[in-house]
Amino acid sequence: MTSHSAASCCECGSMALRLSGTGDMMPRVGFGTWLAQKNVVGEAVKLAISCGYRHIDCAEIYGNEEEIGQAIAVAMAENHLTRNQLWLTSKLWSTHHAPEDVRPALLKTLSDLGVSYLDLYLIHFPGSFTKDASFPPQPEHYIEIPTIDTWREMEKLVDDGLVRNIGVSNFSCAKIEKFWDQCRIKPSVNQFELHPMLPQAKLREYCKLRNICVTGYGSLLNNGSPFRGTAPNLLLNPTILKVAAKHRRSPAQVLLRWGIQMNAIVIPKSTTRERIIENSQLWDFSLDNDDLGAIYCEDRHLRIAGHGFLKGRTLDEFWDYE
């Protein structure tokens with residue numbers, strides 16, 4: 001991935017962040033594809049690329065990579081793009097953590113997406129499951145595979161040119177530290193839930209110290225997530241609405257801009273043209289200290305991620321009380 005701009009993982013005003021290790025520039029606004037339905041996601045991806053998105057966030061477990069790959073091929077041709085002008089992220093699901101399963105899983109993703117390499121490949125989730133595990137898994141589906149065993153196979157994918165950067169998703173500070181010293185190639189990205197009701201200050205600070213770039217998902221509080229339960233709708237939050245009115249922006253733009261100013265990459269998902277365009281228009285305004293202070297007061301330590309994967313644990317236990 002090439003870029004004329006340069007940024008480190010702690011520069012919130014730049015449109016791309018430089019990853020540790022390779023120095024690749026990762027676009028700050030990506031297009032998310034979780035919960036994007038089949039026969040809809042392809043058109044949404046084509047529209048996003050035509051509207052200027054150059055970062056697509058995918059995952060095997062989302063079940064739509066083949067359709068996304070077909071859409072990418074069409075969109076690249078229509079917009080006269082070359083492969084190095086588009087950033088593609090995907091993720092290794094927990095049924096493929098066994099060392100012998102890592103490469104086949106990646107090759108399947110590459111085939112589905114119709115590309116020869118990924119810009120970023122993440123371990124999607126810190127737990128390991130049997131190959132026949134349901135989603136979400138049942139207690140009997142959990143197995144023990146040391147993260148470092150999976151990680152070493154990820155490193156080999158980089159060595160072989162199949163992946164340019166590797167990282168993790170949904171990993172706490174403690175879970176990263178557990179295998180950090182054994183890594184030959186350090187994680188360059190950690191993708192985790194991030195929104196004003198869960199600002200994740202400790203985890204963001206840890207990632208900054210380790211030079212790990214943050215991708216925040218759930219910026220709008222995962223309004224379509226099957227795990228959100230009775231969580232409030234941030235798009236209707238009075239504080240967010242007040243800040244949005246002040247800047248003459250939508251609540252979604254305020255939430256995404258907040259993520260940018262938390263030094264994170266954001267990956268909003270939509271299937272409507274107006275929202276796809278709107279979600280990318282984040283660079284001609286900023287939140288001031290009064291805005292950030294008011295939004296800070298919305299912290300509820302409210303987690304959506306992790307429900308359905310607890311195996312008898314509380315969310316705090318799963319996230320190592322961070």
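Start with the strands: eight of them form an open sheet with parallel pairing, running S3-S4-S5-S6-S9-S10-S11-S12. Keep in mind that you're looking at a predicted model. Color S3 (31–32) and S12 (264–266) next; these are the edge strands, each pairing on one side only.

Now zoom in on S9 (residues 163–169) and S10 (residues 189–193), which pair in the parallel sense over two bridges. Pick Val168 and you'll find Asn190 of S10 standing opposite.

Next, select the aromatics. There are 15 aromatic pairs in total. Go to Phe125 and Phe309: this pair is tilted, with 4.8 Å centre to centre and 50 degrees between the planes. Phe125 sits in the loop between S6 (118–123) and S7 (128–129), and Phe309 in the loop between H10 (289–296) and H11 (315–318), so the pair ties together parts 184 residues apart in sequence. Phe125 is buried at 4% relative accessible area, and Phe309 is buried too, at 6%.

Keep Phe309 selected and add Phe129: the ring centres are 6.3 Å apart and the planes at 5 degrees, so this pair is stacked. Phe129 belongs to strand S7, 180 residues from Phe309.

Widen the selection to Trp93, Phe125, Phe129, Phe135, Tyr142, Phe309, Phe318 and Trp319, and you have one aromatic cluster. While at Phe318, show Lys175, which lies over the ring face at 5.2 Å from the centre. Then jump to Tyr117, where the charged end of Arg83 sits over the ring, 4.1 Å from its centre.

Last stop, the cysteines: how many disulfides does the whole structure hold? Zero. Cys183 is too far for a bond, because its closest cysteine sulfur, in Cys207, is 13 Å away. For Cys207, the nearest cysteine sulfur is that of Cys173, at 6.6 Å.

Conventions. Residues numbered from 1 in each chain as written. Predicted model: local features only at pLDDT ≥ 70, side-chain atom pairs only at ≥ 80, totals over all residues. Heavy atoms only, no water. Pairing = 2+ DSSP bridges. Helix = DSSP H or I, 4+ residues; strand = E, 2+ residues; numbered from the N terminus. Disulfide = S-S within 2.5 Å. Phe/Tyr/Trp six-rings, centres within 6.5 Å; stacked < 30°, edge-to-face > 60°. Buried < 20%, exposed > 50% of the residue type's maximum accessible area, 1.4 Å probe, protein only. Lys NZ or Arg CZ within 6 Å of the ring centre and 35° of its normal.
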